[in-house]
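Hello,

Here is the structure we spoke of handing over. Please open it alongside this note; my findings follow below.

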Amino acid sequence: MFDHVISELKNLFSAGEISGTEARLRFVTLPQNQAVKAVKYLNEKQGYRHLVLLTAVDYIEQGQFQLTYLLHNPENRTDIGVRVLIDRENATMESAHTLWPTIATYQRELREMFGIQFPGSPGVDDDFILEGWRGLPPYRRDFDTKAFAESFFPQREGRGTNDPAAFMKEKLYPNE
Amino acid sequence: MGTTKDILSPFLVWKQFFRKPVTIKEPLKRQGADRYRGFHINDIQECIGCGTCESICENQAIDLVAVAGIDTKSGDSGLRPKVDYGRCCWCALCVDVCTTGSLKLTNVFTWVDTDPDQFRYIPGVDAKPWDNATKGYKKAASLELYPLERIPMQHLHPEERHDSFIEIIKGFSKEEALREADRCVACGICTATCPAHMGIPEYIKAIREDNVEEGLRIMYETNPLPEICGRICTHKCETVCSVGHRGDPLSIRWLKRYLADQVPASAYASVLKSDSIEKNNRKVAIIGAGPAGLSAAYYLGMMGYQITVFEKLSAAGGMMRFGIPEYRLPYDQIDKDINYILSLGVEIKYGVSVGKDITLEQLEKEYDAVFAATGLHDGRSTRIPGTNHSGVYQSIELLRKITLGEPIEVAEKIVVIGGGNVAMDITRSLARMQRQKYGKVQLIATSLETEDIMPADREEVVEAREEGAIIYPGWGPREIIVENDRIKGLKVVQCLSVFDEQKRFSPKFDESNENFFEADMVVESIGQGANLSYIPASYFEQLEKDHRGRVLVDTLTFQTKLPWLFMGGDIIEGPDVIHGIANGHKAAKGIDQYLNANREEKQ
Ligand code: SF4
Ligand code: SF4
Ligand code: SF4
């Protein structure tokens, strides 16, 4: 089902790793300067007209973000995820809003949640859901969610917890 | 630019009055999807209060709270998670990480109440309408946030070890230790069960951070014999490890050994800061250089006391050296731990038997306090007919001779009576010696207890079999048959039960079901008793005793009714190494308290 499109991707682009074990889904990794071109090609020439989503994963250990453009072909009902690894430092990616106006919303979300820039994407710097967020983008793995929750949301009155080991000492061997 | 529509619009809204309202009333009666993440439920009998759900919750929505009616006991903190739905975001991480699998989310998601405090409750304790819900989010079987399986320990295969005394367990590499340490959820449930209450999650953390020196320091706070315990500890802690509820418990013992193995003996003094102890002029005598005596010597030595240990035998270690075979605990590792204790200035007088070479009265006069930790070294006999034959031995004597390198009889066919660890030690030692001497093993070990209740560690039984011994549990010895002054074998009858309803030792037999184990040598290994004959009668009278005549001490200080005399180790509690270590530590603190109080009085 994918043989043709995958070999075309290999002919026209430097398609890297191909993965995916499900019958109707493949992932293909492409270099940063080819990803949007490949997405455009799949959209215009291979029937992957529907953008399912655009999302990111923070591979902090590698110093990279992985973006995935998930595309759907309504004719043969298959999906292709185009993956691209970009530098985590000053993370910037080419905007794809000329292909689908809706992708601007995903890009705006990624800008807010991961701090990935998409220059030229309409409204990309507007607040998405965080409204006035100035700190580290919260989906970055180095964002300390727990510390944030603790400092930002006061605890309800009457809360209190126990450390299991300390509690067991107090109950079972207080004087040792 | 205004239009008529704009001017009229406020009135147009009015027509909505006559429409059906969009807001609908509860109950909606709409079910959540099957795996919807709604309110928590917790199987309160399964939950052990490990708090891992609380630690993982990014929203700090969980508190561990005490619950009336749930007792704190070994392996269960008695605490239970209480959820604050003002904070919970239904991520279900708490469900995914729950060590027992007790915590789940139901698919119930509607709940109306006007009192915000109602939205904090203890699932499984505070009754809720969804308590019996079966649908909702459960951890997927394929998803584990930590590996359930242990990192396997490399060891010698039976044919590589069955005819020699070289150490079987190879120890973790750094990479293996880091991976094993990474399985620990750092809950601390194990600490209460360890008799010495070692800081287990703390030293495992030190392994994860690759800070072996910090790990060594943490271990020495509660245990000055880590090379030894890292090899032969009975590892009670592992029986309660949270991770063991759904997977293999952490290899706590091997991780301890890893830490001690990493730090060379030459670095101990600087790592453990024993190069700058301030000495005082008070003297404490310790009787017996076993685990309890050495532990007390270490902690008193660190406090600056002058310590003299009186040891009857020619080397220190007690049962650790003279009971446990070399293939489980090599002598150089015993020496590493003991030499470090000696480096604090502790003196051991070898070959001095208190009661014979020096009296307890003398020790009382010459020292400020005495700690007696003389252990259990007198083998008990079954006293069945035939036991007075010269071919019948006590396991503990044979093990001592093996350590000392003295020759012992190794017959072609041997029967060992006993099902504890010492019985397995002599079984496996003799099996090796039979193989060396005859090229094959003909050895039967038999115990009263059936296999499921044999007191020996499981791995000891398994490994003894791998090495060629035959284990026959569930038989009671009746007579050692002797013909023409030669042992023919052991007659046994089936043992039906060992304990009565009150859990008292009271074996019942089926006399009609007999068996006979051929042998020309019999070894008894049914336990050891204390020999307290070094305590003169005038002193012994003053000690408090239980109904069986065992000496009682203060459980916190190990002080006896004679204020200057402290007692601990196997003669008081156990028997095992780690209890001895814990006793020695407590006695050291007890002695320090006693001597400080004494000095204040004198001043
Ligand atoms: S993780 Fe599971 S077992 Fe541990 S306290 Fe939470 S609910 Fe109980
Ligand atoms: S579901 Fe998530 S937020 Fe809610 S209590 Fe569990 S871990 Fe915390
Ligand atoms: S070793 Fe087991 S019981 Fe102990 S802290 Fe780690 S996970 Fe908890």
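I start with the interface. Across chain A and chain B, 16 residue pairs are in polar contact, both residues of each pair being at pLDDT 80 or more. On the side of chain A that touches chain B, two elements give two or more residues: α4 (145-152) and α5 (164-172) of chain A. The largest share there comes from α5(A), with six residues. By class, that side of chain A holds nine nonpolar, seven polar and eight charged residues. Please keep in mind that this is a predicted model.

The contact draws 24 residues from chain A and 37 residues from chain B. About 2400 Å² is buried between the two chains. Carbon and sulfur atoms give 52% of that area.

Which charged pairs span the two chains? The count between chain A and chain B is four salt bridges. One pairs Arg159(A) with Asp84(B), where the closest N and O atoms are 3.4 Å apart. Over all chains, the count comes to 45 salt bridges. One of the others is in chain A, between Lys40(A) and Glu44(A), at 3.2 Å from N to O. Both of these residues sit in helix α2 (residues 32-45) of chain A. They are four residues apart, about one turn of the helix.

Now the ligands.

Ligand 1 has 13 residues around it. The closest are Cys47(B), Cys50(B), Cys53(B), Cys98(B) and Thr100(B). Its shell has seven nonpolar, six polar and no charged residues.

Ligand 2 is also set among residues of chain B. Around it are His40(B), Cys57(B), Asn59(B), Ala61(B), Ile62(B), Cys88(B), Cys89(B), Trp90(B), Cys91(B), Ala92(B) and Cys94(B). How do these divide by class? Nine are nonpolar, two are polar and none is charged.

Ligand 3 has Cys184(B), Cys187(B), Cys190(B) and Cys241(B) among its surrounding residues. Val185(B), Ala186(B), Gly188(B), Pro201(B), Ser242(B), Val243(B), Leu250(B) and Ile252(B) are also around ligand 3. This shell counts ten nonpolar, two polar and no charged residues.

Next, the layout of chain B. The chain is divided into four parts: domain 1 (28-137), domain 2 (164-270), domain 3 (277-376 + 530-602) and domain 4 (378-528). Note that domain 3 is given as two segments. How far apart are the C-alpha centres of domain 1 and domain 3 of chain B? They lie 50 Å apart.

Two backbone details in chain B deserve a look before you set anything up.

- Gly574(B) and Pro575(B) are joined by a cis peptide bond, with omega at about 0°. Pro575(B) is in the loop between β21 (565-567) and α21 (577-602) of chain B.
- Lys273(B) is not a glycine, yet it has a positive phi of about 55°. Lys273(B) is placed in the loop between α12 (268-271) and β7 (283-287) of chain B.

That is the full handover from my side.

Best wishes

Key: Residues are numbered from 1 along each chain as its sequence is written. Chains are lettered from A and ligands numbered from 1 in the order in which they are written. This is a predicted model: local features need pLDDT of at least 70, side-chain atom pairs count only at pLDDT 80 or more; totals for chains, interfaces and linings use all residues. Side-chain values use heavy atoms; hydrogens and water are left out. A residue is near a molecule or strand if one of its heavy atoms lies within 4 Å of it. Ala, Val, Leu, Ile, Met, Phe, Trp, Tyr, Cys and Pro count as nonpolar, Asp, Glu, Lys and Arg as charged, and the others, Gly among them, as polar. Domain bounds come from an automatic or database domain assignment. Contact means heavy atoms within 4.5 Å. Buried area is the accessible area (1.4 Å probe) that two parts lose on being put together, summed over both. A salt bridge is a side-chain nitrogen of Lys or Arg within 4 Å of a carboxyl oxygen of Asp or Glu. A polar contact is a pair of N or O atoms within 3.5 Å; within protein, one must be able to donate a hydrogen and the other to accept it, and residues adjacent in sequence count only if both atoms are side-chain atoms.
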